[in-house]
Amino acid sequence: MSHNGAVRVCVVGSGGREAALADVLARDATEVLVTPGNPMIEGSVDIPPEDLDADLFVIGPEVPLVDGLADRLRADGQLVFGPGADGAVLEGSKAYMKDLLAEAGVPTAAYGSFTEAQPARAFLDTMAPPFVIKADGLAAGKGVLVTDDLAEARNTVDDYLSGAAFGDAGQKLVIEEGLVGPEVSVFVVCDGQRGVLLSPAQDFKRIGDGGTGPNTGGMGSYSPYLPEGDLAGGELERIFADDFIAPTLAALRDRGIDYRGVLYAGLMLTADGPKLLEYNVRFGDPETQVVLPRMTSSLLNLLAQAAAGSIEAQPTFADDAMVNVVCASEGYPASPRTGDRIEGLEAARAVPGVSVYGAGVATDDNGAVATAGGRVLSVCGRGANVAEARQQAYAAVERLSWPGMTVRTDIAAAAAAGAAATTAGL
């Protein structure tokens, strides 16, 4: 894709991830449209992607990917970054993903998949806690229970398989051994043959401080995640490229799948080495907001090359850090309250090094920005290290308010303490 002429990019989606994608793509694109977008994303249009024309389509969320949007756009002659429905099954079915990992020899947790409660409960009885139970289908990042309580695990099996918890998405489930260790999120941009790794991040899934309460889509994140010990100095990236990504892409190709999009890998750094928790088939939210803005190379070129089936660019990143603190609605994730006017947006944006990305937002009757979803805003601070970036993010969060605004106060706290203890810029 040449930058000599005008370049129009269409981003599909409406959340904080899409806001960040649009922001970074706009560095090189002449025009960025976001459909359906939201009132805080410039270039938002309420036009179906199939009715738009662009030089590159970038599909944000998993639901349209699983539904085959990339296939329909490609059939129409468009250049698309995002897997077809065949590749998106990696996220659309946890059982399919685990079977592919086993076939490819990718290190992952031991597992079983079930459609009936009795064998599922019997499998649970053979395992040691923690117990991990996942709905097979799409559950918006919420269909996972991790518990040390066998009774709760058995009850959850019944809830999922009966359809009570997640409808059809839960009528097949996967039970996994619980892995222990720090988690890391890695985005891999794939062109069907190979993948290039972006800067690693870490996210915070549970609603409450200290990792308490129910799982959410993610309450915050930071990047770069800097592993210690044996995995420092690029060793994690090398192991991941050789032992995870190469065999995964080979297994997909063996199934006739030309995977052009991002593989978002959740890894657990266990005492036995890195193991894959799961793949998602799109950029992660809230990690996108702290990884992509740190790119010093062209995101547009990289995604266009991947979509065309031949990556030549090697992504580069600034040696600073970003921290994303998610501001959520009262009642999230179970039943978020919406319709409250958001105060302090301009004041928050005025904090140096801060970007505020709109996610679950709408315009109220007076034209003001109001809450319209569970995760409302991603408040991203940037600084020389995690400690500085975190300070900026929370300074901006303090300027925001609406009734019942929910925020974790400990996002990246441990990493910031480590950054403060070492010299800046490492």
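## Sheets, helix packing and local backbone features

Strand 1 (residues 8-13) and strand 3 (residues 56-59) pair in the parallel sense, joined over four bridges. Within strand 3, isoleucine 59 is the residue that stands opposite valine 12. The model described here is a predicted one.

**The parallel sheet**

Four strands make up this open sheet, in the order 2-1-3-4, with parallel pairing. Its edges are taken by strand 2 (31-36) and strand 4 (80-81), each of which has a single partner strand, so one side of each is left without a neighbour in the sheet. Strands of a sheet pair through backbone hydrogen bonds, either parallel or antiparallel.

Two helices are in contact with this sheet. Helix 1 lies across strand 1, strand 2 and strand 3, and runs at about 170° to strand 1. Helix 10 packs on the sheet as well, touching strand 1, strand 3 and strand 4, and its direction makes about 95° with that of strand 3.

**The contact between helix 1 and helix 10**

Two packed helices are described by the angle between their axes and the distance between the axes. For helix 1 (residues 16-25) and helix 10 (residues 299-308), the axes come within 8 Å and cross at roughly 105°. Helix 1 is therefore roughly perpendicular to helix 10, since angles of 65 to 115 degrees count as such. On the side of helix 1 the contact is made by Leu21, Val24 and Leu25, and on the side of helix 10 by Leu299, Leu300 and Leu303. Sorted by class, the contact has six nonpolar residues, no polar and no charged ones.

**The antiparallel sheet**

A further open sheet is formed by four strands in the order 10-9-15-16, and here the pairing is antiparallel. Strand 10 (195-197) and strand 16 (273-280) are the edge strands, each pairing on one side only. On average, neighbouring strands of this sheet are turned by 35° against each other, direction ignored. Strand 9 (residues 183-191) pairs with strand 10 in the antiparallel sense over three bridges, and valine 188 stands opposite leucine 197 in strand 10.

Which strands of this sheet does helix 10 touch? Helix 10 packs on strand 9, strand 10 and strand 15 (260-270), and its direction makes about 60° with that of strand 9. Helix 10 thus appears in the description of both sheets: it touches strand 1, strand 3 and strand 4 of the parallel sheet and the three strands just listed of the antiparallel one.

**Cis peptide bonds and a positive phi**

Most residues other than glycine have a negative phi, and most peptide bonds are trans. The peptide bonds in the table are cis.

| Peptide bond | Form | Omega |
|---|---|---|
| serine 223 to proline 224 | cis | near 5° |
| tyrosine 332 to proline 333 | cis | near 10° |

Proline 224 lies in the loop between strand 14 (220-223) and helix 8 (235-254). Proline 333 has its place in the loop between strand 17 (321-328) and helix 11 (345-349).

Alanine 412 is not a glycine, yet has a positive phi of about 60°. This alanine 412 belongs to the loop between helix 12 (386-397) and helix 13 (413-421). Alanine 412 counts as buried because its relative accessibility is 1%, and buried means under 20%.

**Asparagine 215**

Asparagine 215 is part of strand 13 (residues 212-215). Is asparagine 215 buried or exposed? With a relative accessible area of 14%, asparagine 215 is buried. A polar atom of the asparagine 215 side chain lies 3.4 Å from the backbone oxygen of valine 144.

Note on methods. Residues are numbered from 1 along each chain as its sequence is written. This is a predicted model: local features need pLDDT of at least 70, side-chain atom pairs count only at pLDDT 80 or more; totals for chains, interfaces and linings use all residues. Side-chain values use heavy atoms; hydrogens and water are left out. Axes are lines fitted to C-alpha atoms, for helices over the stretch in contact, and angles run from 0 to 180 degrees between N-to-C directions. Angles under 35 degrees count as roughly parallel, over 145 as roughly antiparallel, 65 to 115 as roughly perpendicular and the rest as oblique. Contact means heavy atoms within 4.5 Å. Ala, Val, Leu, Ile, Met, Phe, Trp, Tyr, Cys and Pro count as nonpolar, Asp, Glu, Lys and Arg as charged, and the others, Gly among them, as polar. Buried means under 20% relative accessible area, exposed over 50%, partly exposed in between (1.4 Å probe, protein chains only). A polar contact is a pair of N or O atoms within 3.5 Å; within protein, one must be able to donate a hydrogen and the other to accept it, and residues adjacent in sequence count only if both atoms are side-chain atoms. Two strands pair if DSSP finds at least two bridges between them.
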